[in-house]
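Student: I should like to understand the reasoning behind the terms used for this ligand site. May we go through them one at a time?

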Amino acid sequence: MNSHIMMSEGQMYTPPGGPPRVSPPDPAIYAAMGADAIVQMIEDFYTELERSWLRPMFPHDMVAASRKSAAFFIGLLGGPPLYHQLYGNPAMRARHMPFPIDEAARQEWLRCFDVVLADAPTRYHFPPEHLPGFRAFLEAFSRWMVNTAT
Ligand code: HEM
C-alpha cells in the first residue's frame, strides 16, 4: 500500500466488494427509444435533480449537464459510445470523486430517477419489460458512486 495515496484519500469510503457485477441494461432499450427520447428522459431526470436537495452539487446549467450525462446513457442503453468518443474513458467512480456522495445522496439520486422511470414507457417509449433490469442496474451501479461514509 502506498502511504502517500492513503493519506491523500483521507476519509474516502470504498464500497465493500468493489465494482458491482451487474448485467448492463439490455441494448433493446436503445433500439426501442432512440437517441432523442433518451436525451429527453435524462433532461427530465436533471429537472428532478434540480428540484432535489442534491441541487447544490450540480452546475448552474442543468440542461448542458444533462446532455453530457445523456451521451453516457445512450451508450449504456445500447447506442453508440458517444460519451467515450466525446469525453474519454467514463471512469464514473473517479469522475464522481469531487462530490461527497453518501448513502443518503444515493437514495435521493435513485428517487429522482424513479420519478422519471414511472412514466418512461408512455413518455419516452421505454420498453416496460426492460424497466426491472434497468432499475437493478441503477441500484447496483449507484453503490459504486458512494465515496463518503455516513
Ligand atoms: C449515487 C448517486 C449519484 C450522485 C449524487 C451523482 C451526482 C453527480 C454529480 C454531482 C455530477 C457532476 C455534474 C456536473 O458537474 O456536470 C454527476 C455527473 C455524472 N453522473 Fe452522477 N451521481 C450519482 C450516480 C450516478 C450513476 C449511478 C450514474 C450512471 C449510471 C451517473 C452518471 C453520471 C454521468 C454520466 C455524469 C456526467 C459526468 C461528466 O460530467 O463527465 N451518476 N453525477
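**The ligand and its surroundings**

Tutor: In this predicted model, the shell around the ligand divides into 13 nonpolar, 3 polar and 3 charged residues.

Student: What makes a residue count as surrounding the ligand?

Tutor: The criterion is a heavy atom within 4 Å of the molecule. In this model 19 residues surround the ligand, and the closest are K68, Y83, M92, H96 and W109.

Student: Why is H96 called a donor to the iron atom?

Tutor: Its NE2 atom is 2.0 Å away from the iron. Donors are N, O and S atoms within 2.8 Å of such a metal, so this nitrogen qualifies. H96 is the single donor from the protein, and its place is in helix 5, residues 92-96.

Student: Which side chains make polar contacts with oxygen atoms of the ligand, and why are they so called?

Tutor: The cut-off for a pair of N or O atoms is 3.5 Å. A polar side-chain atom of K68 lies 3.2 Å from a ligand oxygen, and one of Y83 lies 2.3 Å from a ligand oxygen; both pairs therefore qualify. In H96, an N or O atom of the side chain is 2.9 Å from a nitrogen atom of the ligand, so this pair also meets the cut-off.

Student: Which helices supply at least two residues of the shell?

Tutor: They are helix 3 (62-76), helix 5, helix 6 (103-118) and helix 8 (131-143). Helix 3 gives the largest share, 5 residues.

Student: Where does the ligand sit?

Tutor: The ligand sits in the largest pocket; that wording is used because more than half of its atoms lie within 2 Å of the pocket's grid points.

Methods. Residues are numbered from 1 along each chain as its sequence is written. This is a predicted model: local features need pLDDT of at least 70, side-chain atom pairs count only at pLDDT 80 or more; totals for chains, interfaces and linings use all residues. Side-chain values use heavy atoms; hydrogens and water are left out. Donors are N, O and S atoms within 2.8 Å of the metal (3.2 Å for Na, K and Ca); water is not among the atoms, so sites may look incomplete. Helices (H or I, at least four residues) and strands (E, at least two) are DSSP runs, numbered from the N terminus. A polar contact is a pair of N or O atoms within 3.5 Å; within protein, one must be able to donate a hydrogen and the other to accept it, and residues adjacent in sequence count only if both atoms are side-chain atoms. On a 1 Å grid over the protein atoms alone, a cavity is a set of points where a 1.4 Å probe fits but cannot get out, and a pocket is an open set with protein on both sides within 12 Å along at least five of seven lines; lining residues have an atom within 4 Å of a point. Ala, Val, Leu, Ile, Met, Phe, Trp, Tyr, Cys and Pro count as nonpolar, Asp, Glu, Lys and Arg as charged, and the others, Gly among them, as polar.
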